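Here's a quick walk through one protein model, meant to be read with the structure open beside you. We'll start from a single lysine and work outward to the helices.

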Amino acid sequence: MINNICESKKQEASSKQLNVFSIRNGKPAVGNVLRESHVLFPTVLTRTVLDTFLEDPEIVSLPVIDEYSQKPVGLINRYHFMSLMARPYYKEIYLNRQCLEFVSKEPLIVEVSTPLHEVSTLLASAGGKVINEGFIITSGGRHIGMGYSQDVLRVMAEIHRVQAHALARQHHDLEVLVAERTAELEKSRANAERLSRVKSEFLANMSHELRTPMNGIIGMTAMALKLATDAIQHEQLEKVKHASEHLLDILNDILDFSKIEAERMILEQRCFKCGEILDNIHSLLTPKVTEKGLELRFEDMAAVADMPVKGDSMRLQQVLLNLASNAVKFTESGTITLRVSIDEETATEVMLHFEVLDTGIGIAAECQKRLFAAFEQADNSMSRKYGGTGLGLAICKRLVEMMGGYIGVDSKVGHGSRFWFTARFSKVDQKIEEVKDQKPLKKACEQLRARYTGTHVLLVEDEPLNQELVTFLLKEVGFRVDLAMDGEEALEKAKQTQYAMILMDMQMPKLNGIEATRAIQMLPGWQHAPILAMTANAYAEDRQACLNAGMNDHIAKPMRPEKLYEKLLMWLEFGKRQADTDAQPYFE
């Protein structure tokens, strides 16, 4: 601001002019203050003006002040005045009479409190006139000094330079900060991806290492049950079977939760009818329901039981079975009721509403809020009485959300519970989508014995327990079995013998299952022979890797005998049709 000229003044050589530049309150101020001798009155002789200009060549203009009011009345411009002084008849005259023609009648007058940027704006609007003459500084209308546009422009330029420098520095600092933050984020992202890969690899290895012995336990138990003749021994083996299947369910829950957390869970899209899922639930729950003396009801099924839809039937059944199994677990007497209805419907989609009701112990209101959180149960003491990991409902919630629905519970202690969820499915044309996976009239093992006894197959497996188990299951349906310990041996045997089918383990020394499959399919006559992967790796991408390598299907360990037989039957029949068509059969 042009206010309160500071005491630290820069005096120049001239004793009649004082150039002042100061900063008050952080703002620059500029003024060109003239001493008393430079304040001209109209009665001053032109000679005095001339002497003033001659003595100080830096003075551009001089103010003309009314000697009574002390207010500026005009401004004498140095250039105009010196031009007139070159004429002899102007030498000794008074300003107020003869020199009015070179006295500015409308000088730019700036109040001393005017901010500098406003002064700059005024100068810009006044144009070249002020640049040549300067401007008068007043305080309360009284003259106190002179200012020059060059001084203002110089200070404003310095302000702009400082501001530009500060802005550039700020931009630079911001760029450095952004670069540093970006580098940190990139490092964090890379570290997160690395940890995710390590976790995924760990889970895949743990899944393989746990499922491999589980395959032996479940398989050998099934073998022993077939051979057992003693009733007590048979009962004990049944208990081993149930315990091992329960352990497998826990492993599957942990693996499912890990896949969901890592966003590696992929929902399949296949055609099915809700009635099939409900039939499976009925057959799975009936033994336990009967054992506890409960009643199992299915209500409001007519509208949806035979409706063909497309979605992940396995995950839908997993959610329903989890909720229904919990209902059976926590109900000592009464009924378990399942209901299905249509919640929303469009031309292409349908939202189904599922309910599972029980007359069990119920859930307190404060416990319902955390019921669907991972590793939580309504009451942690329940895990000691009823068992469970606390993962089931958390997995159900995630699966339901992946199916485009919601899940919830209504319950009261002592009055049972009502669990409900919705799921969205694509509608399927009844005429086009006949059920593709109708179950055979006879069990797959019976059909294999009747139609494929003597079939020559190659088993590629490096784990002795699995070798014994799968060989037993294959010979049970009349197959002739050759054994290869690794991929290299399998390749050599495939060169010598045209097998009807190859069952290929994935993780083997020397040559793994994928590499061996690619090599075998390069051999003459092996382009269309069925090769089925057998692996304890249960991730969807592991299955996809098998299919990408040219394998026809994927059998997860631990394998259930009837499931294995269904796969064998399906692909042996496909092999018969391969000569006439290239169509792939439908499989889950």
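Let's begin with Lys-241, which is partly exposed, with a relative accessible area of 30%. Keep in mind that this is a predicted model. You'll find Lys-241 in helix H7, which spans residues 231-261. Setting aside neighbours within four places in sequence, Lys-241 touches Thr-221 and Leu-225. Ala-222 is 19 residues away along the chain, and its C-alpha atom sits 7.5 Å from that of Lys-241.

Now zoom out for a moment. The protein chain has 588 residues, and 45% of them count as buried. Its secondary structure adds up to 18 helices and 20 strands. If you take the contacts with a separation of 6 or more, 68% of them join residues 24 or more positions apart.

Next, a couple of residues to set beside the lysine. Thr-337 belongs to strand S12, residues 335-345. Is Thr-337 buried or exposed? Its relative accessibility is 6%, and because the cut-off for buried is under 20%, Thr-337 counts as buried. Beyond its neighbours within four places in sequence, Thr-337 is in contact with Arg-297 and Glu-299, and also with Glu-355, Val-356 and Leu-357.

Gln-521 is in helix H16. At 18% relative accessible area, this glutamine is buried too. What does the side chain of Gln-521 reach? The partner is the backbone oxygen of Gly-550, at 2.7 Å. Gly-550 also turns up among the contacts of Gln-521 outside its neighbours within four places in sequence, along with Trp-526, Gln-527, Ile-531, Ala-549 and Met-551.

Here are the three residues side by side:

| Residue | Element | Relative accessible area |
|---|---|---|
| Lys-241 | helix H7 | 30%, partly exposed |
| Thr-337 | strand S12 | 6%, buried |
| Gln-521 | helix H16 | 18%, buried |

Let's stay with H16, which covers residues 513-521. Gln-521 shares its buried status there with Gly-513, Ala-516, Thr-517 and Ile-520. Why do these residues lie on the same side of H16? They cover an arc of only 125° around the axis, so they end up on the same side of the helix. As a reminder, an α-helix has 3.6 residues a turn, so residues three or four places apart point the same way. The cover over the buried residues of H16 includes helix H15 (487-496), along with strands S18 (501-505) and S19 (531-535). At the N-terminal end, H16 is capped by Asn-512, with a side-chain oxygen 3.1 Å from the backbone nitrogen of Ile-514.

How do H15 and H16 sit against each other? Their axes come within 9 Å and cross at roughly 15°. Angles under 35 degrees count as roughly parallel, and H15 and H16 are therefore roughly parallel to each other. Their crossing is right-handed. On the H15 side, the residues involved are Gly-487, Ala-490, Leu-491 and Ala-494, and they meet Ala-516, Ala-519 and Ile-520 of H16.

For another helix pair, look at H9 (residues 313-329) and H12 (residues 392-402). These two pack at an angle of about 145°, with their axes 10 Å apart, and H9 passes H12 in a left-handed crossing. H9 contributes Arg-315, Gln-318, Val-319, Asn-322, Leu-323 and Asn-326, which meet Gly-392, Leu-393, Ile-395, Cys-396, Leu-399 and Val-400 in H12.

Definitions and conventions
Residues are numbered from 1 along each chain as its sequence is written. This is a predicted model: local features need pLDDT of at least 70, side-chain atom pairs count only at pLDDT 80 or more; totals for chains, interfaces and linings use all residues. Side-chain values use heavy atoms; hydrogens and water are left out. Buried means under 20% relative accessible area, exposed over 50%, partly exposed in between (1.4 Å probe, protein chains only). Helices (H or I, at least four residues) and strands (E, at least two) are DSSP runs, numbered from the N terminus. The arc is that of the directions from the helix axis to the C-beta atoms. Contact means heavy atoms within 4.5 Å. A polar contact is a pair of N or O atoms within 3.5 Å; within protein, one must be able to donate a hydrogen and the other to accept it, and residues adjacent in sequence count only if both atoms are side-chain atoms. Axes are lines fitted to C-alpha atoms, for helices over the stretch in contact, and angles run from 0 to 180 degrees between N-to-C directions. Angles under 35 degrees count as roughly parallel, over 145 as roughly antiparallel, 65 to 115 as roughly perpendicular and the rest as oblique. A crossing is left-handed if the near helix is turned anticlockwise from the far one by less than a right angle, and right-handed if clockwise.
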